[in-house]
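Dear colleague,

Here is the structure I promised to pass on to you, together with my notes. Please have it open beside this email while you read.

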Amino acid sequence: MASWAEFEAAEPDFATRVRKLMQSRKHLTMATLRRDGSPRISGTEMQFSGEHVQIGSMPRGVKSIDLLRDPRVAIHGPTHDPAKGGAWRGEAKIAGTAVEVASSGEAHIFQVDIGEVVVTRLNEARDKLVIESWSSDEGYRQRERA
């Protein structure tokens, strides 16, 4: 796992694009695991706070209960339809573990330790999907799919 700062230091240009995609709208989607192991999708907001990425939850909210029990989380950035003739910046996803760093009667705050970052987009010819990814184990990779 890596902090946002460690990811940013390893791949500054990729990290800049990921941040722009994740901040292109306020509301994101996150996945957590319920007690029985089935997935739960929730809305969330994400903050880039110093060296870390953070998410919050209302006190005793189901997503905070999920994360306190099983810290695995995936966050999907906002998506935009590709323009018919123009460029599409793609969509970003961050997966990792959420560690509670603050709790009060008003909120739970979790820091996300990054396991993987992915951006999917179209190539310039707009005929293939480009998948860019980074993890602390494998570093940066780029693949194309028809």
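What follows is a description of what was found in it, from the whole chain down to single residues.

Please keep in mind from the start that this is a predicted model.

**The chain as a whole**

The protein chain is built from three helices and nine strands, and if you follow these elements from the N terminus, they come in the order α-α-β-β-β-β-α-β-β-β-β-β. The radius of gyration is 16 Å, close to the 15 Å that the globule rule gives for 146 residues, so the chain is as compact as a globular protein of that length. Along its principal axes, the C-alpha trace spans about 50 × 30 × 25 Å.

Of the 146 residues in the chain, 39% are buried, while the surface that the chain exposes comes to about 8200 Å², with carbon and sulfur atoms supplying 49% of it. If you take the contacts between residues at least 6 apart in sequence, 51% of them join residues at least 24 apart.

**Two helices with a buried face**

Which residues of helix H2 are buried? They are Phe14, Ala15, Val18, Leu21 and Met22, and when you look down the axis of H2 these residues fall within an arc of 125 degrees, so they line one face of the helix. The face of H2 that is turned away from this buried side carries the exposed residues Asp13 and Lys20.

Helix H3, which covers residues 62-69, can be read in a similar way, since its buried residues are Lys63, Ser64, Asp66 and Leu67. Down the axis of H3 they fall within an arc of 155 degrees, so here too the buried residues line one face of the helix. The cover over the buried residues of H3 includes several strands, among them E1 (28-33), E2 (39-44) and E4 (52-57), as well as E5 (72-76), E6 (91-103) and E7 (108-122).

**Salt bridges**

The count of salt bridges comes to ten, and a few of them are worth finding on your screen. In one of them, the side chains of glutamate 132 and arginine 17 meet with a distance of 2.6 Å from N to O. Glutamate 132 lies in strand E8 (residues 129-135) and arginine 17 in helix H2 (residues 12-22), so this pair ties together parts that are 115 residues apart in sequence. The two partners differ in their surroundings: glutamate 132 is buried, with a relative accessible area of 1%, whereas arginine 17 counts as partly exposed at 31% relative accessibility.

Glutamate 132 also forms a salt bridge with arginine 121, the closest N and O atoms of this pair being 2.9 Å apart. This second pair links distant parts of the chain as well, with arginine 121 in strand E7 and glutamate 132 in strand E8, eleven residues apart, and both arginine 121 and glutamate 132 are buried. Taken together, Arg17, Arg121 and Glu132 are linked in a network of salt bridges.

A further salt bridge joins the side chains of lysine 26 and glutamate 45, at 4.0 Å from N to O. Lysine 26 is in the loop between H2 and E1, and glutamate 45 is in the loop between E2 and strand E3 (46-49), so that the pair links distant parts of the chain, 19 residues apart. Here lysine 26 counts as exposed, at 56% relative accessibility, and glutamate 45 as partly exposed, with a relative accessible area of 32%.

**Two single residues to look at**

Is threonine 97 buried or exposed? Threonine 97, which has its place in strand E6, is buried, with a relative accessible area of 17%, because the cut-off for a buried residue is under 20%. Leaving aside its neighbours within four places in sequence, threonine 97 is in contact with Met1, Pro71, Arg72, Val73, Gln111, Val112 and Asp113.

Glycine 50, by contrast, lies in the loop between E3 and E4 and counts as exposed, at 65% relative accessibility. How far apart in space are glycine 50 and valine 62? They are twelve residues apart in sequence, and from C-alpha to C-alpha they are 27 Å apart in space.

With best wishes

Technical notes
Residues are numbered from 1 along each chain as its sequence is written. This is a predicted model: local features need pLDDT of at least 70, side-chain atom pairs count only at pLDDT 80 or more; totals for chains, interfaces and linings use all residues. Side-chain values use heavy atoms; hydrogens and water are left out. Buried means under 20% relative accessible area, exposed over 50%, partly exposed in between (1.4 Å probe, protein chains only). Helices (H or I, at least four residues) and strands (E, at least two) are DSSP runs, numbered from the N terminus. The arc is that of the directions from the helix axis to the C-beta atoms. Contact means heavy atoms within 4.5 Å. The radius of gyration is taken over C-alpha atoms; the globule rule is 2.2 Å times the number of residues to the power 0.38. Accessible areas come from the Shrake-Rupley method with a 1.4 Å probe; for residues, only the protein chains shown count as cover.
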